[in-house]
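Okay, thanks for making time, everyone. Let me put the structure up, and then I'll walk through a few parts of it.

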Amino acid sequence: MKYIFSSLLIGLLFSANAQFPMGGGNKGPTIKGKIEGKVIDSISNELVGFATISLKKKGSSIVIDGVLTEETGFFKFENVVTGNYDLYVSFLGYKEKKLSAVETTLKKPDINIGNILLVPSSFLLDAIEIKEEKVLVENKADKLVFNAENDASIAGGNAADVLRKVPMLSVDLNGNVSLRGSNNVRILINGKPSGMFSSNVADALKMFPADQIKKVEVITSPSAKYDAEGSAGLINIITKKQNIEGVAGSVNASVGNRQNSLFTNLNVGKGRLGISSSAALFYSTPANGTTSFDRKDETTAGARVFSQQGSQRTSRLGGNGSASAFYDFNGYNSINSTLTFRGFGFDLNGSTTGILKDEISNLNDKFLRTNKGSNFNGGYDWNTDYTKKFEKLEGQELSFGVQYSRQNSNQDTKLFENHESLTILNRDSDIINDGVNHETTFQVDYTHPFTKAIKLETGTKAVIRNIISDYTTQFLTTSGYIPQIEQFKYDQNVYSGYASVSFLVAKKYSIISGARYEKTTFSGDFRSGDSEDFKNNYGNFLPNLAISRTFKNFKTLKLSYSQRIQRPSLLFINPFNNNADFLNRTIGNPALNPEVVHQVEMAYNFTFKGITTFSSLFYKNTQGIIEQILSIDDNGLSVNKYQNIGINNAIGFNTFVSKTVSLVTLRTGGNFSTYNATGQISGIPASRKSYEYNLFMNGEVKLSGTFKADFFGFFRSPVRTIQGDNPAFTIYGIGIRKEFKNSSFGVTLIEPFNADKYFRSDIKGTDFEQKTSFSIPFRSIGVNVRYKFGNVDFKERKPKVKNSDLKEGGDIQGGNQGSATPRGN
């Protein structure tokens, strides 16, 4: 198998076009090397293990990387770009030591400093702040970074569990992600879009093992070089990629009563050529849950009540893999190619009993429905990047990128339904929806630094999408169910160009100003001709401006404005009529328009007496907001359909606070935002004022240099819509991990006092109220084992193609048991 992977990767390498380097900006011709050495007690000559080594640019106060020495006192910085650095060495009981002017060059990129002598201090403080090898949360100039690999409590979980720990993000039980209260967020993998998120983000996150994630970046005010999609912001998930000299790899296995996973990677490197591969399997043990549905209609002619209760059994199985290759021709030209593939599915089997009562028609009907469903999502992404740097001008760079993605989504539900009175509703049928999404992206970017303080970034991009949805379903008429077999084709092309200028003023003010123009064309075609085909186009000019001011003692104040849009994804526009539950069916809306968002944000961060805090205040105006609207059809049944309902004006505040004392680090914070929507529902004026919030607390205890415990708790209020509330969500847990030389062992425990959890929704209309509820098993415990071999040299490679695209979402009504799987191991 290893030789098959190697052959495939070498073929990908030589068919590639480009690689986008890490760092961007003002970095000229470089080769990445390493800095290593050994720390020794100056008096006893004993080796000093677990000392903190910090790497900073020469003369700078900003830490760009940090490591701990091994038990042997040895340390090594890898992936070090050529340049001048200052090295700081510190440990409890010793005076901090600074090594100045440590220089790596193109000719000599690797440096061995040798022995570094630490002098013991004459006294110890009663309480001292401990510097971490890398803090869990970092606040950078343009983004917030959550270093997931440092958190022991997520071992054995999935990507949704990781995102729940990230400040400003909120993830409900179904896996739907929101940023500061808005679901209009775009998720990237290593800076690139992935077809795995094209249909259902919630299900995709459940099949992404947490142990694959290195860190998560949250960008609330993206500059013009980013796609205009993702009106709330961008989430960039960085995976653990390892490029090495020689052979190295790792195996990570987790076993628990809820979730089980296996993640492996193998990496081969020689000189400037590197090849890496990885694979993961994920299995969620069968979970039994309950569902309930109650709707009451009040009319002048009488009352109508629909009620049903059921039980569902769900299990999940998924996997993914990747193969990549890169080659640095020299310090000015490099190429990278990556192939990722995935497949995951879940089974949903159950039974439901219900009652239909209608005073108007004197109806009293009882029914029994059984369902057996299988769902599968799978696909692959292939991308190739090429980057050229220029020798004469440091920081000048030209890059090309191409990416192709394909995603298949298959849904098959077998239904049997029997009614005592309304026999016309009896059915024994299949509901099928098979979809495929093709996406091709071409991108060119150019960076030109005029001076060290002024830089121009410009580029162009084309995204070509073709979506096909084949479905078999039924529509209910007065004569009974009528079958419908249809194929819906949807084409969407987005052409864009941007220019962004960044510059420094008086060394304290940083200004980024730019604009992006995007032209969108789209069309829809129905094979049967029963529905009307359509075609349209629109253009958007999207400016942005960000001004930041730095103060002494690491204080920063930032003010920004951005305009963004949010196009609806396949989940929102797919006209497939999902009536597996005939009382509460869901249908997409091909006529949806994009949301347009204006956002103003002011952020401030500072550190005072060991307390680090980051806070921001924002105002957001959203026009054409998209929500799932519940209406009653001619047969008196519930229909959920996405609509542009109007305008929402939101004011919000979020904060994050961190404090380390001795061996304990505490972090807390939360988000608060208003909901103030006005518009129309089916031509009738509607409005609602409310608020949303979430609170979190997490932390860690370093029991020793190799033994740590992490804990967390999270609460999110109900999600507001113009018609009502969707479920609130809470979760808490703890994880313990012991590190060994080449391995680690961990235990995680989630919700030990709650065997099951219930989630309720309440939606109201002018003459009806509908309440839904579901429950699932929640308590979980698991163990995690990691093993690594070889000498790993991290060479993180920044991608070229970045699609920040499409409004995503899952089952926002919270009633789909098929998408409700708890966090566990």
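**Salt bridges, sheets and a surface patch**

Let's start with a lysine: Lys-708 is buried, since its relative accessible area is 13%. Just so we're clear, this is a predicted model. So what does Lys-708 meet in a salt bridge? The partner is Glu-700, with 3.4 Å from N to O. Glu-700 is buried as well, with a relative accessible area of 2%. While we're on shared partners, there's also a network: Arg-295, Asp-297, Arg-304 and Asp-358 are joined into one by salt bridges that have partners in common.

In the whole structure you'll find 22 salt bridges. Here's one I'd like you to look at: Asp-581 and Arg-369 meet through their side chains, at 3.3 Å from N to O. That pair links distant parts of the chain, 212 residues apart, with Asp-581 in the loop between strand S28 (577-578) and strand S29 (584-587), and Arg-369 in strand S20. Is Arg-369 buried or exposed? Buried: its relative accessible area is 3%, and the cut-off for that word is under 20%.

Another pair is Arg-465 with Glu-439, where the N to O distance is 2.7 Å. Again, distant parts of the chain are linked: Arg-465 sits in strand S23 (residues 454-477) and Glu-439 in strand S22 (residues 427-449), 26 residues apart. Both Arg-465 and Glu-439 are buried.

Back to S20, and the strands leading up to it. Strand S18 (residues 302-328) runs antiparallel to strand S19 (residues 333-358), and 25 bridges join them. If you want a spot to zoom in on, Gln-308 has Gly-354 in S19 as its bridge partner. The connection from S18 to S19 is a hairpin of 4 residues. Then S19 goes on to pair with strand S20 (residues 363-389), also antiparallel, through 26 bridges. There, Asn-333 stands opposite Lys-388 in S20. The S19 and S20 hairpin has 4 residues between the strands too, and in it Asn-362 takes a positive phi near 55 degrees.

Now towards the N terminus, where I've got two open sheets to show. One has 4 strands in the order S3-S2-S5-S6, with antiparallel pairing. Its edge strands are S3 (63-68) and S6 (97-104), each pairing on one side only. From one strand to the next, the twist averages 25 degrees. Inside that sheet, S2 (residues 52-57) and S3 pair over 5 bridges, and Lys-56 stands opposite Val-63 in S3.

The other open sheet has 3 strands, ordered S4-S1-S7, and its pairing is mixed. S4 (74-81) and S7 (110-118) each have a single partner strand, so one side of each is left without a neighbour in the sheet. Neighbouring strands here are turned by 20 degrees on average, ignoring direction. S1 (residues 32-41) and S7 run parallel, joined by 7 bridges, with Lys-34 opposite Asp-110 in S7.

Last stop, the surface. A nonpolar patch there has about 850 Å² of accessible area together, and its residues include Phe-551, Met-602, Tyr-619 and Phe-653. Which strand gives the most to it? That's S30, with 3 residues. S30 (595-608) is one of the strands that supply at least two residues each, along with S27 (555-566), S31 (611-632) and S32 (638-661). Val-600, also in the patch, is found in S30 and counts as partly exposed, at 38% relative accessibility.

Okay, that's my tour. Happy to zoom in on anything.

Key
Residues are numbered from 1 along each chain as its sequence is written. This is a predicted model: local features need pLDDT of at least 70, side-chain atom pairs count only at pLDDT 80 or more; totals for chains, interfaces and linings use all residues. Side-chain values use heavy atoms; hydrogens and water are left out. Two strands pair if DSSP finds at least two bridges between them. Axes are lines fitted to C-alpha atoms, for helices over the stretch in contact, and angles run from 0 to 180 degrees between N-to-C directions. Patches are made of residues with over 30% relative accessible area and no salt bridge: like charges are joined within 9 Å, nonpolar side chains (Val, Leu, Ile, Met, Phe, Trp, Tyr) within 5 Å. Accessible areas come from the Shrake-Rupley method with a 1.4 Å probe; for residues, only the protein chains shown count as cover. A salt bridge is a side-chain nitrogen of Lys or Arg within 4 Å of a carboxyl oxygen of Asp or Glu. Buried means under 20% relative accessible area, exposed over 50%, partly exposed in between (1.4 Å probe, protein chains only).
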